[in-house]
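This report introduces a structure to a reader who meets it for the first time. Please keep the sequence and the model in view while reading.

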2 protein chains.
Amino acid sequence: MKQSQLFTKTRREAPKDEVATNAQLLIRAGYVHKEMAGVYSFLPLGLRALNKIVGIIREEMDAIGGQEVSLAALQDKKAWEASGRWSDDVIDVWFKTSLKNGGELGLGTTHEEPLTALMKDHIRSFRDLPAAVYQFQTKFRNETRAKSGIMRGREFLMKDLYSFNVDEKAHAEFYEKAKAAYVRIFDRLGIGDKTYVTFASGGSFSKYSHEFQTVSEAGEDTIYVHEGKRIAVNKEVLNDEVLDNLGLKRGDLVEMKAIETGNIFTLGARYSEALGLSYKDAEGKSVPVFMGSYGIGPGRAMGAIVELLSDERGLVWPESVAPFGVHLVALFDEGGAVKRAADELYAKLTEEGVEVLYDDRDASAGEKFGDADLIGIPKRYVISAKTLKDGHVEVKDRATGKVSMERFS
Amino acid sequence: MKQSQLFTKTRREAPKDEVATNAQLLIRAGYVHKEMAGVYSFLPLGLRALNKIVGIIREEMDAIGGQEVSLAALQDKKAWEASGRWSDDVIDVWFKTSLKNGGELGLGTTHEEPLTALMKDHIRSFRDLPAAVYQFQTKFRNETRAKSGIMRGREFLMKDLYSFNVDEKAHAEFYEKAKAAYVRIFDRLGIGDKTYVTFASGGSFSKYSHEFQTVSEAGEDTIYVHEGKRIAVNKEVLNDEVLDNLGLKRGDLVEMKAIETGNIFTLGARYSEALGLSYKDAEGKSVPVFMGSYGIGPGRAMGAIVELLSDERGLVWPESVAPFGVHLVALFDEGGAVKRAADELYAKLTEEGVEVLYDDRDASAGEKFGDADLIGIPKRYVISAKTLKDGHVEVKDRATGKVSMERFS
């Protein structure tokens, strides 16, 4: 894409009320727009990066047999009354609204209830199991404190997968597959080395749930990391019994702040019993379906990447997430030779399938380099009268700053 | 995909309270799930078809220079008060809710206000124009009457594009490009021959707006069609002056029911003046930006396709929209030869990039054919002991019923 066509502009300052580093940088670089605390719109560069994250997660969910759906945001209270979660005392982040012709509605904060109810149309026999169903869908949460930029939204995109199995054993197998898929996701997003499988509170159907905690000073959670074993324990559950249980010694653990970038839960029969989702086993006996849930927020992951990888000059994207692979910066000369060479290179790279942002604007070298640093595309190609004279393009790596010259042909 | 893995099941009857043909068929075939009147969730087959429609629209919007964004659904009332549209008397389909820590919010029914406000950060000079910005985003409308299935949702996906130009002349050029793009979209969706560019009420900044009306008994609108000129006039504006104006004679027009599948509007300075979106022209004078808006609902388009093309046996998809290109139906024999041949053909087609739904279920021929008719994939390949004996696959066209034999190799 030609940057002269991109409608967004960079800016020196983020809005004064924006306190989160991730949102400050993303707003300044023109990736997102702040509508109000905890509510952000995604602009072309931001949406491209978000869609890269979505694409990676989708591939990994498909690889473990997930089937994609898209559930409604508007929630009929019936299913939530059945599970006992309609009350604001139980889910304290409900947004509620009402129909003009009567009846109270909620905005989905999560989707266990409607999906469990929906599956009653499709699961009857043990032959219909297992099933794994996921979506990328907007969640609404009425947060009183929304100061972490795109990492804690009142409205945000969520990938939520729900698994349906015949029993705990079959569930446990899927759960491990999902856990491994999550590890792959964070690796592919470029934050795997900072992300720990973390033992957290399990609820009624299992001893533990697992969080994926990405170490960062911007995090809201406190975890205790065992670097050797690459695992952690959430402060909320840390006690002698748990340490014993996991074979960990308190002295080997290091306290760190972390961002909860993913979580996976065993739900057991909590929702299937409440909503009547059962199957007939081989003997014809009715058995409640054994469920699990697996969440990851693409926007929160994007915010975590920004918090971890950015520097004082701006954003730094891993290749897998960057809105474009190459930022082609042309410093035009009077004669037009640079423009011709840059146009040609842009056409060539685009034809080869490289996603290029081509800075073809009438602007100073300083402005172009400053914007390129802020926007954070991994590879910068610079063409100027100088590089052209030597038949070269200057290639600069945004993350390392390493510069090399490549022949221009 | 193997049908034995698809979690959705077909059903003989739609829910009793579902009165719309499109939703009845889509529910029976397992494409959508009804959550409540006007609120539907999309299941794997439905989401695949919807995404095909989204893909076509996206290509056409990109081709006219559209840049994709994703705006928030939650609406701060400030921008809407500025335009005078916060009141329920002005927009009578608002869903409203409130923040736990104070303040009323709306759920976006459309996005002129927030996008106009957002563009103030990016448009300052005539050099920043033109711009065309679009999104695929969920709209919420508090409809009291929601009886048209997925064609009139309380929550539905909308493609809305907004154009920003220096003046009416530049706007008019873009408007014609957008109109042509819409014509291409409906052609590609397989309902172009039934869709008419329709003159409708223009509002304050232009004589007419244009609707795209798809002729169907399921439609809620009445239009007067001039078949020779391939245009129509909405009943709402039909009078002698309009006929005169358009050079039409009442006697040449035929009254028809139609579904409003798209609409394009000239907005002029209605929102840019209200919200202060202006640019500096070449002389440094401040001028309000000239705007237009262009809407099309992928879900409504999907509903219209179902209404128009389905038959008594079920859904009939055009190739461009079908969730899969080929439905491979294997009628297994005892020896396993059919299964081996079908597995092989499935692998071969998949490798060639054909999207195949492979009915590998243990089910009767009648059940498989009935489901295939209901699901409506354009091409059905049948492999049985009989076809295999002759070295053939039976190929049946869902729309025409035409059968041919193709060599199986």
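In chain A, A:Pro130 is placed in the loop between helix 4 (112–119) and strand 7 (131–140). Helices (H or I, at least four residues) and strands (E, at least two) are DSSP runs, numbered from the N terminus. The peptide bond that leads from A:Leu129 to A:Pro130 is cis, with omega near 0 degrees. In chain B, the bond from B:Leu129 to B:Pro130 is likewise cis, with omega near 0 degrees, and B:Pro130 lies in the loop between helix 4 (112–119) and strand 7 (131–140) of chain B.

**Basis of the model**

This is a predicted model, in which local features need pLDDT of at least 70, side-chain atom pairs count only at pLDDT 80 or more, and totals for chains, interfaces and linings use all residues. Residues are numbered from 1 along each chain as its sequence is written, while chains are lettered from A and ligands numbered from 1 in the order in which they are written. The average pLDDT (the predictor's confidence in each residue, from 0 to 100) is 96 for chain A, and 100% of its residues score at least 70. For the model, ipTM is 0.97 and pTM is 0.98.

**Backbone features**

Most residues other than glycine have a negative phi, and most peptide bonds are trans. Besides the cis bonds described above, a positive phi occurs at Arg230 of chain A and at Arg230 of chain B. The table sets these two residues side by side.

| Residue | Phi | Place |
|---|---|---|
| A:Arg230 | about 55 degrees | loop between strand 11 (221–226) and strand 12 (231–234) of chain A |
| B:Arg230 | near 60 degrees | loop between strand 11 (221–226) and strand 12 (231–234) of chain B |

A residue is buried if 20 or more other C-beta atoms lie within 10 Å of its own, exposed if 12 or fewer, and partly exposed in between, with C-beta atoms placed from the backbone. A:Arg230 has 13 C-beta neighbours inside 10 Å and therefore counts as partly exposed. B:Arg230, with 13 C-beta neighbours inside 10 Å, also counts as partly exposed.

**Chain A and its core**

Chain A contains 11 helices and 21 strands, and its C-alpha trace spans about 80 × 60 × 45 Å along its principal axes. Of its 409 residues, 48% count as buried. Two residues are in contact if their C-beta atoms, placed from the backbone, lie within 7 Å. Among contacts in chain A between residues at least 6 apart in sequence, 68% join residues at least 24 apart.

A nonpolar core is a set of buried Ala, Val, Leu, Ile, Met, Phe, Trp, Tyr and Cys residues joined through C-beta atoms within 7 Å. Which residues touch the most other members of the largest nonpolar core? They are A:Leu328 and B:Leu328, in a core of 224 residues. Beyond its neighbours within four places in sequence, A:Leu328 has contacts that include A:Ala342, A:Val356 and A:Tyr381.

**A sheet in chain A**

An open sheet of 5 strands in chain A runs in the order 18-17-19-20-21, with mixed pairing; two strands pair if DSSP finds at least two bridges between them. Strand 18 (356–359) and strand 21 (403–407) of chain A stand at the edges, each with a single partner strand, so one side of each has no neighbour in the sheet. From one strand to the next, the twist averages 25 degrees. Axes are lines fitted to C-alpha atoms, for helices over the stretch in contact, and angles run from 0 to 180 degrees between N-to-C directions.

Strand 17 (residues 326–330) and strand 19 (residues 379–383) of chain A pair in the parallel sense over 5 bridges. A:Val329 has A:Val382, in strand 19 of chain A, as its bridge partner. Helix 9 (residues 337–351) of chain A packs on the sheet and touches strand 17, strand 18 and strand 19 of chain A; its direction makes about 165 degrees with that of strand 17 of chain A. Helix 10 (residues 365–375) of chain A also packs on the sheet, touching strand 17, strand 18 and strand 19 of chain A, and its direction makes about 175 degrees with that of strand 17 of chain A.

**The two copies**

Chain B is superposed on chain A by a rotation of 180 degrees with 0.0 Å of shift along its axis (RMSD 0.0 Å). The copies are thus related as by a two-fold rotation axis. Superposition is by least squares on the C-alpha atoms of residues with pLDDT of at least 70 in both copies. The contact takes 39 residues from chain B and 39 residues from chain A. Strand 2 of chain B gives the most to the side of chain B that touches chain A, with 4 residues. Because 100% of the interface residues of chain B are also interface residues in chain A, the copies meet through the same surface.
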